[in-house]
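Let's take a tour through a protein model together. We will look at the spaces inside, then at the contact between chains, and finally at a few details of the backbone and side chains.

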Amino acid sequence: MKQGKVLRVNLTSGNITVETLSEGILRRYYGGSALASYFLLNELKPGTDPLGEDNVLVITCSVLSGLPIPGASRFTIAAKSPLTGAFGESEAGGWWAPEFARAGFIAAVITGRSPKPVYLWVKDGKAEIRDASHLTGKMTGEAEELIRQELDDPRIIVAQTGPGGEKLVRYACVLNNLKHANGRTGMGAVFGSKNLRAVAVRGTQKTEAADEVAIKELAQWFAQNWKNNAVNVRLNKYGTAHNLNSLQATGTLPTFNFRRGDFAGAEKLCGETMSDTILEKNEGCFACPVRCKRVARDETYQVDSRYGGPEYETIGGFGSLCGIDDLRVVAKAHELCNKYGIDTISASVAVSFAMECFDEGIIDTTMTDGLSLDFGNAEAVLKLVEMIGERQGIGVILGEGVVAAAREFGKGSEKFAIHVKGQEFAAHEPRGKTGVALGFALSPTGADHLEMAHDIGFADYTNALENIGILGILEPVDTMDLTYRKLRLFYNLQLTNSFNNCAGFCNLVTAPAFTFTFDKLVEIVAAATGWKTSLWEFMKVGERANVMARVFNTREGLTPADDTLPDRFFAPMEEGPLKGVSIDRDQFHHLIREYYTLSGWDENGVPTKAKLGELDLEWISAG
Amino acid sequence: MHTGEGVKAFFKNTFYLGLPEKETVFSFTPGMSIRELLEKNDICFKQQGVAFVIEGHLEKASYTLKDGDVVTVIPIIVGG
């Protein structure tokens, strides 16, 4: 029988206990986002201060963690978000989850606040709270080194925030191995608020599968087949920035704080250029041969390769969004963010927001320590990142997120604050893909680019479309469609992506577009758990996670008014291939309301009792 | 591979498509679609995860080619 051990840590009292989750709980929630929501809805009171002692910090792996399955290395950190005041959740790959699983745990629930800086040390079924006073103010690289030295084991995997989290930058993140980020919604700030610098883990226990032979065969199948998937091959060769030229060609490369969707310097930023210039090597996550992670180095800007290299989101953010056409500068901004432990996406949007405010005359050099925040000013970008990480000067304001910064700047600057629910946009232009627009608007965490697989993959008879025939979607859907065809596509793909966040699967090796088909995912879970499962069950798990997050937000006072986009996206694009294109506001909001109906939510976007009952969630109250 | 007068196609970033990295010029019969052109040249594009952009607009493989079209082949994007 499948069981999962949960580590419970009260940082106020120092009390540590271990509890066991039943197979019934594991099967309902699998792990990740759904399991985290289960704990949060049970244990976190609505109205709690996200940076207060009473916030509950949950770290969840899944029933697959630790097994040598490519793409199954992801885990979730969740809490009430200090950035949005709503459901906070972020996933990361890398090496932490399998190590935590081999240490014997599926989850950690961390409550209270330590009176002094500490880190949590977890090894083979045991945990200990250790003093971290000597780590305070240290960059993440040095802190990781010190932890490994004092525990005398270089194989320890450290998930930590950095000085940015200690200083409560609202979008501080958590990094494992210095380069795999639980980037979004400010989970690093929650670490900081609890005086928790890191969770260091080492596990030597074997993670067992119901059918070890089948797991081995599935891993071998992937190894033999992933090179038949062209986009997985591109990810291997060029990283996630392989798509940059595609975005440029379709006018959806966010540029100058989303003023336009094409950038003259795009060619200098793409994955191909990175391979030819600053790329030192590529790396991967546990058990995955695709190895899409980039490791960058540069002498001019002294880019430290220990911190990896920029993903597409970071390149779009610190590149075209800020008007920078130099990958070396982007790589340095990435390195600084990882040193300070701050989210590259929110940080880059905060910087581009400040640049637009500067361009519009809303702020001037008297507010920027003399920095001229012109789009394209590399020195200004790097200095602003440091100021955010150090919480100095204008960095204090920008470290609060663009909503708070716009309140501070005033003068109409709110229209340049590109966010949903308080979370800054990832580098994707909704005016070229309405499914992404729906995802941004409806995600419980704010603008999340991974809410569904993006529209372009389904706009023609592609392999990705072929793979969702199993969901009843048989014809292409135009990228700008805003009818029930798009709603059906979005709804179904949102559930499959949500399931990935519960099972710890990576969206970049799984269906609909990548090597592992839905059938293979079913085989994996069956082999791992012994459960007779199906894609239908997966989608119900994904729906359960979405509904629980929605209930969380309803309890916190969010309403349908929060399910929208900034005004900029309802206005025509001014330049580029999408010149004149906008999202029809009325059609968009009609589709949002229809999404509620389709989801079994009422007109206020609240899941009905019947829906809660259908998902076996009667135990929570949406009211 | 057929080359000659007619449709110009810039196959950027398409090492997996079995085409040169840079510009390839195809000849075609009037009324031919992108799909027909590629299949005529034994290029199995469907499983390659590509899309087509002409003059900044995303076009389907069923698009009927016109003389002088510049077709940019891009990998499909499903997330960042």
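The second largest cavity has a volume of about 140 Å³. Its lining is made of 16 residues, and those closest to the centre are Glu89(A), Glu451(A), Ser498(A), Asn501(A) and Asn546(A). In chain A, the elements β5, α19 and α21 (535–555) each give two or more residues to this lining. The biggest giver is α19(A), with four residues. Sorted by class, the lining of the second largest cavity holds five nonpolar, eight polar and three charged residues. Keep in mind, as you turn the picture around, that this is a predicted model.

## The largest cavity

How many cavities of 30 Å³ or more are there? The count comes to 10. The largest cavity takes up about 920 Å³ of space. It is lined by 47 residues, and if you want to find its centre, look for Arg74(A), Glu91(A), Ala181(A), Glu311(A) and Leu450(A), which lie nearest to that point.

Several elements of chain A share in this wall: β5 (87–92), β11 (180–182), α11, α12 (327–340), α13 (344–359) and α19 (484–503) each supply at least two residues. Which element has the largest share of the lining of the largest cavity? That is β5(A), with four residues. You have met β5 of chain A already, in the lining of the second largest cavity. By class, the lining of the largest cavity has 15 nonpolar, 21 polar and 11 charged residues.

## Two pockets

Now for the pockets. The largest pocket is lined by 23 residues, and nearest its centre are Lys2(A), Gln3(A), Gly4(A), Thr207(A) and Glu208(A). Two elements of chain A, β1 (4–10) and α20 (518–529), give two or more residues each to that lining. Its residues divide into 10 nonpolar, nine polar and four charged.

The second largest pocket holds about 400 Å³ of space. Of its 25 lining residues, the closest to the centre are Thr250(A), Gly432(A), Thr479(A), His57(B) and Leu58(B), so look at both chains here. The elements that give two or more residues to this lining are β3 (50–54) and β4 (57–59) of chain B. By class, the second largest pocket is lined by 13 nonpolar, seven polar and five charged residues.

Here are the volumes side by side:

| Space | Volume |
|---|---|
| Largest pocket | about 520 Å³ |
| Second largest pocket | about 400 Å³ |
| Largest cavity | about 920 Å³ |
| Second largest cavity | about 140 Å³ |

## Where the chains meet

Next, move to the contact between chain A and chain B. Chain A brings 39 residues to it and chain B brings 27 residues. Together the two chains bury about 2,700 Å², with 62% of that on carbon and sulfur atoms. On the side of chain A, Arg234(A), Ile456(A) and Asn463(A) lose the most area to chain B, together 19% of what that side buries.

How many salt bridges are there between chain A and chain B? The count is zero. Two residue pairs are in polar contact across this interface.

Which elements of chain A each supply at least two residues of the side that touches chain B? They are α8 (230–238), α9 (244–249), α11 (312–318) and α18 (463–467). Among them, α8(A) gives the most, with six residues. The residues on this side of chain A divide into 19 nonpolar, 13 polar and seven charged.

## A salt bridge and two backbone details

Over all chains, the structure holds 45 salt bridges. One of them joins the side chains of Glu43(A) and Arg8(A), at 2.5 Å from N to O. Glu43(A) sits in helix α2 (residues 32–43) of chain A and Arg8(A) in strand β1 of chain A, so this pair ties together parts that are 35 residues apart in sequence. Side chains of opposite charge can pair when their charged atoms come close.

Finally, let's look at the backbone. The peptide bond from Ala511(A) to Pro512(A) is cis, with omega near 15 degrees. You can find Pro512(A) in the loop between α19 and α20 of chain A. Asp124(A) has a phi near 40 degrees, which is a positive value in a residue other than glycine. Asp124(A) is placed in the loop between β7 (118–123) and β8 (126–131) of chain A.

Definitions and conventions
Residues numbered from 1 in each chain as written. Chains lettered and ligands numbered in written order. Predicted model: local features only at pLDDT ≥ 70, side-chain atom pairs only at ≥ 80, totals over all residues. Heavy atoms only, no water. Contact = heavy atoms within 4.5 Å. Buried area = accessible area lost by both parts, 1.4 Å probe. Salt bridge = Lys/Arg side-chain N within 4 Å of Asp/Glu carboxyl O. Polar contact = N/O pair within 3.5 Å; in protein donor to acceptor, adjacent residues only side chain to side chain. Nonpolar A, V, L, I, M, F, W, Y, C, P; charged D, E, K, R; others polar. 1 Å grid on protein atoms, 1.4 Å probe; cavity = no way out; pocket = protein on both sides within 12 Å on 5 of 7 lines; lining within 4 Å. Points joined across faces, edges and corners; volume = space filled by probe spheres on them.
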